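Dear colleague,

I am handing over the structure below, together with some notes on what I found when going through it. Please read the notes alongside the coordinates.

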Amino acid sequence: MPPSEHELRLRERLGRLRNLPLLGGARLSGELERLQRQIERIGEESTDEEIWRKVELARHDDRPYTLDYVERMLDDWFELHGDRALGDDGAMIAGLGKLDGRTIVLVGQQKGRDIHERAGRRFGMPNPEGYRKAMHAMELADRHRLPVVTLVDTPGAYPGVVAEQHGQGAAIAQSQATMARLTVPIVACVIGEGGSGGAIAIALADRVLMQENAIYSVISPEGCAAILWRDAGQAKKAAAAFRPDAVHCLELGVIDEIVSEPVGGAHIDPDMAARQLGQALRESLAELDGIPRDDLRRRRRARFRSLGVFA
Amino acid sequence: MAKIDVSVETDDQPSPPPSHPNTCPTCHSHYRDDELERSLWVCEQCGHHFPMRARARIASLADPGSFTEEATELHSEDPLDFFDLRPYTERLAEAEMKTGLADAMVIGRAALEQRQCELAVMDFAFMGGSMGSVVGEKFSRACDSAAEAGMPVVAVTSSGGARMQEGTLALMQLPKTVAAVEDLHDAGQALLCVMAHPTTGGVLASFATLGDVLLAEPNALMSFAGPRVVQEITREKLPDDFGRAEQNLRYGHIDAIVSRPELRPTLARLLRLFDAPQ
């Protein structure tokens with residue numbers, strides 16, 4: 001297979017960095033190493049079986065959720081509740097915390113552990129109130145020049161009667177528009193299921209990361225199978241066709257970096273997974289430091305406006 | 001989570017035989033093509049709005065001879081070598097043959113009652129008006145073209161959502177079109193959106209609801225999730241006008257419902273209000 005355009009771009013960036021060994025010092029060599037790692041990953045073409053394995057891992061019952069990472073990565077966590085209009089959506093978490101001594105705003109979907117919590121958090125499927133809570137927190141970050149970290153983990157936005165009456169589509173659009181307007185650094189990481197509009201609503205970021213066993217897709221494998229194969233049982237085939245795994249997302253340029261997980265998946269060793277995620281977030285935030293506010297926003301919009309393949 | 005409502009009726013009735021596309025599904029009046037063309041594809045008996053193709057829509061809105069199409073060369077690629085029951089490339093070729101369009105959106109410069117604007121019109125007949133890379137790029141270019149020329153964008157949407165066959169790249173057209181709207185707004189220009197039946201999924205959840213003024217056609221379905229999905233997942237009983245334009249107006253999500261014969265004068269008035277160039 002010929003190298004993809006994104007791989008070529010990565011290689012080019014790598015080449016440029018190699019020629020500038022004296023600028024930037026340690027941070028630069030760190031980036032060099034990371035770029036090299038990302039290129040190696042593109043080489044590892046996953047098979048259909050491996051893609052389905054990732055779908056299963058991304059949805060694993062014991063997989064760490066947003067609050068599991070918050071607990072392990074952040075100090076002085078203070079959760080913000082409510083959208084200031086209608087309600088407090090348990091499927092979306094927002095709050096302030098310190099990452100390495102630096103105050104950040106963190107936003108992310110939250111699934112539940114036991115049956116009661118799952119029901120209360122609607123399996124991580126936010127209502128419009130959840131997206132409005134996220135917007136409120138991100139605007140707070142912008143006012144106080146705090147970087148934003150978002151953790152994406154949702155099967156999708158909640159498809160309910162009341163959700164529609166409260167403007168689900170518009171809430172998802174407005175949340176993206178809010179992110180396109182922020183002038184503070186934003187790093188997003190898909191930590192489990194990156195399900196469609198419900199996911200992208202909080203993922204219009206300067207850097208988009210993805211854990212190696214996460215998935216990011218336009219529709220669930222079951223939904224795709226039900227529509228195109230007219231049989232939800234063909235989910236495995238559907239997943240193989242639209243390739244929601246991290247390696248393919250990196251190849252398409254949808255994400256910038258894959259974050260390693262412990263061998264066997266994040267649920268095997270959540271502490272280790274949190275250290276790896278925290279490290280990746282810190283590196284990405286450091287890369288964005290010092291970029292003028294207007295440039296940051298311009299580049300963020302340009303990044304997303306360049307996505308697409310056409311002739 | 002979801003209440004289990006045993007009273008929900010299951011839909012296992014055999015579906016009625018498919019009716020002719022020119023037969024009104026509401027009052028069963030039947031029309032010839034030329035009759036529907038004259039009435040802007042609106043049923044003269046009951047006011048039902050038939051689906052309207054992109055070219056017919058443009059002809060109904062633009063001053064005669066004023067439309068100049070842009071980005072005609074853009075065609076979809078198949079980045080995933082997508083294959084379900086049939087290859088994506090085959091579906092694309094078939095849609096192109098059927099509709100005479102390169103993809104599900106047509107963009108270009110036009111005048112409405114002598115006011116200049118950039119039109120971006122979707123066509124549901126092309127793969128359900130689904131948004132893939134080409135639709136995203138065309139909308140994005142329409143915004144840039146309008147920003148540069150200092151005029152508003154008028155978008156007419158009709159879409160089932162993001163195009164599954166382009167995978168995650170199709171999802172990326174949501175933030176892409178959102179970023180394009182933000183750039184348009186920063187350039188001081190307005191976006192006027194008209195949502196035609198149906199405007200759902202990824203198009204509703206991106207540029208369609210970010211317009212400065214939001215209009216909808218009567219009875220247009222405008223929901224993020226389709227009624228069937230909502231019914232299946234929640235087992236809730238759906239209200240009769242679930243997700244329809246009328247419900248959206250009542251809940252405060254749109255500014256007005258405008259019937260097709262009123263659309264051109266309404267848009268022209270808005271273009272005058274936003275000081276679109278003559």
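Helix H6 of chain B is mostly covered, with 11 of its 14 residues buried, and this is a statement about a predicted model. The buried positions begin with an unbroken run in the list, Gln173(B), Leu174(B), Pro175(B), Lys176(B), Thr177(B), Val178(B), Ala179(B), Ala180(B), Val181(B) and Glu182(B), and Leu184(B) is buried as well. The length of H6(B) agrees with expectation, because 14 residues at 1.5 Å a residue should span 20 Å and the end C-alpha atoms of H6(B) are indeed 20 Å apart. Just after H6(B), Gly188(B) takes a positive phi of about 85 degrees.

H6(B) also matters for the contact between the two chains, to which chain B contributes 54 residues and chain A 45 residues. On the side of chain B that touches chain A, the elements giving two or more residues are helix H4 (133-149), helix H5 (167-171), helix H6 (173-186), helix H7 (201-204) and helix H8 (227-234) of chain B. Of these, H6(B) gives the most, with 10 residues. Sorted by class, the side of chain B that touches chain A holds 32 nonpolar, 15 polar and seven charged residues.

Turning to the sheet, seven strands of chain B form an open sheet in the order S1-S2-S3-S4-S5-S6-S7, and the pairing is mixed. The edges are strand S1 (68-70) and strand S7 (256-257) of chain B, each of which pairs on one side only. S1(B) and S2(B) pair in the antiparallel sense over three bridges, and within that pairing Glu69(B) has Gly108(B) in S2(B) as its bridge partner.

Strand S2 (residues 105-112) of chain B is itself mostly covered, since seven of its eight residues are buried. Eight bridges join S2(B) to strand S3 (residues 115-122) of chain B, and these two strands run antiparallel; Ala110(B), for example, stands opposite Cys117(B) in S3(B). S2(B) and S3(B) form a hairpin with two residues between them, and in the turn Glu113(B) has a positive phi of about 45 degrees. Further along the sheet order, strand S4 (residues 153-159) and strand S5 (residues 191-199) of chain B pair in the parallel sense over six bridges, and Val153(B) has Leu191(B) in S5(B) as its bridge partner.

For chain B as a whole, there are 10 helices and seven strands. The radius of gyration of chain B is 19 Å, close to the 19 Å that the globule rule gives for 278 residues, so chain B is as compact as a globular protein of that length. Its C-alpha atoms fill a box of roughly 60 × 45 × 40 Å along the principal axes, and 49% of the 278 residues count as buried. Among the contacts in chain B with a separation of 6 or more, 70% come from residues 24 or more positions apart.

A last word on confidence: the mean pLDDT of chain B is 93, and 94% of its residues reach 70 or more, while the model scores ipTM 0.92 and pTM 0.90. Where pLDDT is low, the predicted coordinates should not be read in detail.

With best regards

Note on methods. Residues numbered from 1 in each chain as written. Chains lettered and ligands numbered in written order. Predicted model: local features only at pLDDT ≥ 70, side-chain atom pairs only at ≥ 80, totals over all residues. Helix = DSSP H or I, 4+ residues; strand = E, 2+ residues; numbered from the N terminus. Rg over C-alpha atoms; globule rule 2.2 N^0.38 Å. Buried ≥ 20, exposed ≤ 12 C-beta atoms within 10 Å, placed from the backbone. Contact = placed C-beta atoms within 7 Å. Nonpolar A, V, L, I, M, F, W, Y, C, P; charged D, E, K, R; others polar. pLDDT = per-residue confidence, 0-100. Pairing = 2+ DSSP bridges. Expected span 1.5 Å × (residues − 1).
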